[in-house]
Amino acid sequence: MARILLAEDDREIANLERDYLEMSGHEVVIAPDGEEAMKRINEEKFDLLILDIMMPKKSGYDICREIREQIDIPILMVTAKTESVDKIRGLGLGADDYIVKPFDPMELVARVKSHLLRYERLTGKHEMAQEGKEYDADDYCIEVGGLKILTKSWKVIRDGEEIHFPNREFELLKYLAMNPNIVFSKEHLFERIWGYDYMSDSATVTVHINRIREKIEEDPKNPKIIETVWGAGYRLNMK
């Protein structure tokens, strides 16, 4: 059973979302404003956060910005806005996904399930690696562009120093690195990494690619490792 923080100031919506998530077997804690959400996050342990962007006292943006480097769990942003800039901003701050109001509560349940399953798979392997256990035949060190991508240890190393990668960023980089010199469409990457049907919005993949480039490219505006193939998608160059 996953423990979920639901930060939502509309009580009717929060109760509806909580009911659906609890029927799916999760424990849900509701925070009616941003300050209460931050207090809960700092004092309690959660497996996933659902943050409404527009909340009293502290926005979902502010919460995501403050906690992302310290807490590495899935974060879903909820917004009533449809402008791409709002979605891109949330993803750029470290959110794993977003969902736009109004939405079917079952879609929220499906997305939560997808994120939890992938997070459990990734962190489960990471914990096993720390204990020195083997868990997958394809675990090895991939070297590209001065980076060492340690699939077993779930780490990215450059010049002896670890670069922090949240779950989705790491999984996206690893997938591209394990399939070098192949062009993948945004649709394919979304379905492969996020685990559900592409929702006709390229912002999620684009922003995560840009965040990865900021960490691994000498010049993110002129990337050499992860290349954009215009009209087709992305590929990781391994020469």
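**Exercise 1. A histidine in a loop**

H26 is buried, with a relative accessible area of 14%; work out where H26 is found and what it touches.

*Solution.* Before we start: this is a predicted model, where local features need pLDDT of at least 70, side-chain atom pairs count only at pLDDT 80 or more, and totals for chains, interfaces and linings use all residues. Residues are numbered from 1 along each chain as its sequence is written, and side-chain values use heavy atoms, with hydrogens and water left out.

Step 1: check the label. Buried means under 20% relative accessible area, exposed means over 50%, and partly exposed lies in between (1.4 Å probe, protein chains only). H26 has 14%, so it counts as buried.

Step 2: find the place. H26 is in the loop between α1 and β2. Such helices (H or I, at least four residues) and strands (E, at least two) are DSSP runs, numbered from the N terminus.

Step 3: list the neighbours. Leaving out residues up to four places away in sequence, H26 touches M1, A2, I4, L21, V112 and L116. Contact here means heavy atoms within 4.5 Å.

**Exercise 2. The five-stranded sheet**

Write down the strand order of the open sheet, then see which helix packs on it.

*Solution.* Step 1: the order is β2-β1-β3-β4-β5, with parallel pairing. Two strands pair if DSSP finds at least two bridges between them.

Step 2: look at the ends. The edge strands β2 (27-31) and β5 (97-100) each pair on one side only.

Step 3: take the twist. On average, neighbouring strands of this sheet are turned by 20° against each other, direction ignored. The axes are lines fitted to C-alpha atoms, for helices over the stretch in contact, and angles run from 0 to 180 degrees between N-to-C directions.

Step 4: add the helix. Helix α1 (residues 11-23) packs on the sheet and touches β1 (3-7), β2 and β3 (48-52). The direction of α1 makes about 170° with that of β2.

Step 5: zoom in on one pair. β4 (residues 75-79) and β5 pair in the parallel sense over four bridges, and T79 stands opposite V100 in β5.

**Exercise 3. Rings and cysteines**

Look for aromatic pairs, a charge over a ring, and disulfides.

*Solution.* Step 1: searching the whole structure turns up one aromatic pair. Y175 and F184 make a tilted pair, 5.1 Å centre to centre with 50° between the planes. The rule: rings of Phe, Tyr and Trp (its six-membered ring) pair if their centres lie within 6.5 Å; planes under 30 degrees apart count as stacked, over 60 as edge-to-face and the rest as tilted. Both Y175 and F184 are buried.

Step 2: the charged end of K215 sits over the ring of F165, 4.9 Å from its centre. That label needs NZ of Lys or CZ of Arg within 6 Å of the ring centre and within 35 degrees of the ring normal.

Step 3: a disulfide is a pair of cysteine sulfur atoms within 2.5 Å, and the count comes to zero. As for exposure, C64 is buried at 0%, while C141 is partly exposed at 34%.

**Exercise 4. Unusual backbone spots**

Most residues other than glycine have a negative phi, and most peptide bonds are trans. Find where K57, D159 and P102 sit.

*Solution.* Step 1: K57 has a positive phi near 75°. K57 is in the loop between β3 and α3 (60-67) and is exposed at 60%.

Step 2: D159 has a positive phi of about 55°. D159 lies in the loop between β8 (155-158) and β9 (161-163), and at 73% it counts as exposed.

Step 3: a cis peptide bond joins K101 and P102, with omega about -10°. P102 is in the loop between β5 and α5 (105-130).
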